[in-house]
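User: I'd like to practise reading strand pairing. Could you walk me through an example?

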Amino acid sequence: MLFLIPIIVISLYVGMYVLRTDRTSDCRWRQTGKEAQSIAWRCQVCGAVAQTDKGEPKHCGAKPGD
Ligand SMILES: [Zn+2]
């Protein structure tokens, strides 16, 4: 059964990558405010809020494990 281990590891990596990609593409970040050092964002899909130095957030943490 040792041959199953690399298959499981690869499946986990692929699964995490797919989930991360889906989550990123599902989120629609909209700028809600701008401060001196940061920009405030809100996701219109799941309602998450985030702040970045510049540019849209790369991920959404509103639904971890979803
Ligand atoms: Zn979102």
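User: Let's start with the connections: what joins β1 to β2, and through how many residues?

Analyst: Keep in mind that this is a predicted model. The link from β1 to β2 is a hairpin, with four residues making the connection. These two strands run antiparallel and share five bridges. One pair to look up is Trp29 with Cys43, its bridge partner in β2.

User: What sits between β2 and β3?

Analyst: Another hairpin, with five residues separating β2 from β3. Check the backbone at Gly47 in that turn: phi is positive there, about 85 degrees.

User: How many bridges join β2 to β3, and which way do the strands run?

Analyst: Here's the general idea: strands of a sheet pair through backbone hydrogen bonds, and the pairing is either parallel or antiparallel. In this case β2, residues 39-43, runs antiparallel to β3, and four bridges hold the pairing.

User: Which residues in β3 go with Ala40 and Trp41?

Analyst: Ala40 has Gln51 as its bridge partner, while Trp41 stands opposite Ala50. As a general reading tip, side chains in a regular strand alternate between the two faces of the sheet.

User: So what is the order of the strands in the sheet, and is the sheet open or closed?

Analyst: Open: the three strands line up as β1-β2-β3, with antiparallel pairing. The edges are β1 (29-34) and β3 (49-52), each of which pairs on one side only. From one strand to the next, the twist averages 30 degrees.

Notes:
Residues are numbered from 1 along each chain as its sequence is written. This is a predicted model: local features need pLDDT of at least 70, side-chain atom pairs count only at pLDDT 80 or more; totals for chains, interfaces and linings use all residues. Two strands pair if DSSP finds at least two bridges between them. Axes are lines fitted to C-alpha atoms, for helices over the stretch in contact, and angles run from 0 to 180 degrees between N-to-C directions.
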